[in-house]
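This report walks through one protein model, strand by strand and then pocket by pocket. Please keep the sequence and the 3D view open while reading.

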Amino acid sequence: MRTLLLGSALAIGIATAVSAQSVGGNYTVKGSNPDGSTYTGTAHITPSGSTCNITWQTGSTSSKGICMLANKAFAAFYKLGSDYGLIVYELQPDGSLKGYWTIADREGVGGEILTPQR
């Protein structure tokens, strides 16, 4: 019985921690391209059940994709014009997302930080 109670308490604690770690809303974008140039913009994440939709606006460029949060890992698959890409972020304690991205069939990796707009 003691093991069952401990297991239940642990499960409730984990569920609470996971639900407290959520994403969604508007973000400020700061990033760097594989060539070292930088960019800024905005992103919007819309939760949809266990997944989400994400859109970025950086200058005159916009892209959108699908995403999901799994513990502290946040990943998005996106379409940018006729190209496809992948970005993997790590959820930071302050709610920001720090990540690295790539575009299919292109060399190099870029970096990006999404900071929640409050």
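## Strand pairing around β1

β1 and β8 pair in the antiparallel sense, over six bridges. The model is a predicted one. Two of the residue pairs can be named. Gly31 has Glu112 of β8 as its bridge partner. Val29 is partnered by Leu114, again in β8.

β1 also pairs with β2. Strand β1 covers residues 25–32 and strand β2 covers residues 38–48. Eight bridges join these two, and the strands run antiparallel. Within this pairing, Tyr27 has Ala43 of β2 as its bridge partner. Five residues separate the strands in the hairpin of β1 and β2. One residue of that hairpin, Gly36, takes a positive phi near 95°.

## Overall fold

The protein chain holds one helix and eight strands. Along the sequence the pattern reads α-β-β-β-β-β-β-β-β. The eight strands close into a barrel. Their order is β1-β2-β3-β4-β5-β6-β7-β8, with antiparallel pairing. On average, neighbouring strands of this sheet are turned by 30° against each other, direction ignored.

Strands of a sheet pair through backbone hydrogen bonds, in either a parallel or an antiparallel way. In this barrel the pairing is antiparallel. The protein chain has 118 residues, and buried residues make up 25% of them.

## The largest pocket

Where is the largest pocket lined, and by which residues? The lining consists of Asn33, Tyr39, Trp56, Thr58, Thr61, Ser63, Tyr78, Leu80, Ile87, Trp101, Ile103 and Glu112. The volume of this pocket is about 280 Å³. Seven of the lining residues are nonpolar, four are polar and one is charged.

Four strands each supply at least two residues of the lining. They are β3 (51–58), β4 (61–70), β5 (73–80) and β7 (97–103). Glu112 belongs to the lining and is also the β8 bridge partner of Gly31.

Asn33, another lining residue, sits in the loop between β1 and β2. Is Asn33 buried, exposed or partly exposed? Its relative accessible area is 24%, so Asn33 is partly exposed. The C-alpha atoms of Asn33 and Thr102 are separated by 9.3 Å, with their positions 69 residues apart along the chain.

## The salt bridge

How many salt bridges are there? The count comes to one. Asp83 forms a salt bridge with Arg106, and the closest N and O atoms are 2.5 Å apart. Asp83 lies in strand β6 (residues 83–91), while Arg106 lies in the loop between β7 and β8 (110–116), so the pair ties together parts 23 residues apart in sequence.

Both partners have intermediate accessibility values. Asp83 counts as partly exposed, because its relative accessibility is 21%, where the cut-off for buried is under 20%. Arg106 also counts as partly exposed, at 48% relative accessibility, where exposed means over 50%.

## Positive phi outside glycine

Most residues other than glycine have a negative phi. Two residues in loops depart from this. Asn71 has a positive phi of about 60°, although it is not a glycine. Asn71 lies in the loop between β4 and β5. With a relative accessible area of 58%, Asn71 is exposed.

Asp105 is not a glycine either, yet Asp105 has a positive phi of about 65°. The loop between β7 and β8 holds Asp105. Arg106 of the salt bridge lies in the loop between β7 and β8 as well. At 85% relative accessibility, Asp105 counts as exposed.

## A contact site on β4

Met68 lies in strand β4. Is Met68 buried, exposed or partly exposed? Met68 counts as partly exposed, since its relative accessibility is 42%. Met68 and Gly49 are 19 residues apart in sequence. In space they are 9.6 Å apart, C-alpha to C-alpha.

Methods. Residues numbered from 1 in each chain as written. Predicted model: local features only at pLDDT ≥ 70, side-chain atom pairs only at ≥ 80, totals over all residues. Heavy atoms only, no water. 1 Å grid on protein atoms, 1.4 Å probe; cavity = no way out; pocket = protein on both sides within 12 Å on 5 of 7 lines; lining within 4 Å. Points joined across faces, edges and corners; volume = space filled by probe spheres on them. Nonpolar A, V, L, I, M, F, W, Y, C, P; charged D, E, K, R; others polar. Salt bridge = Lys/Arg side-chain N within 4 Å of Asp/Glu carboxyl O. Buried < 20%, exposed > 50% of the residue type's maximum accessible area, 1.4 Å probe, protein only. Pairing = 2+ DSSP bridges. Axes fitted to C-alpha atoms, helices over the stretch in contact; angles between N-to-C directions.
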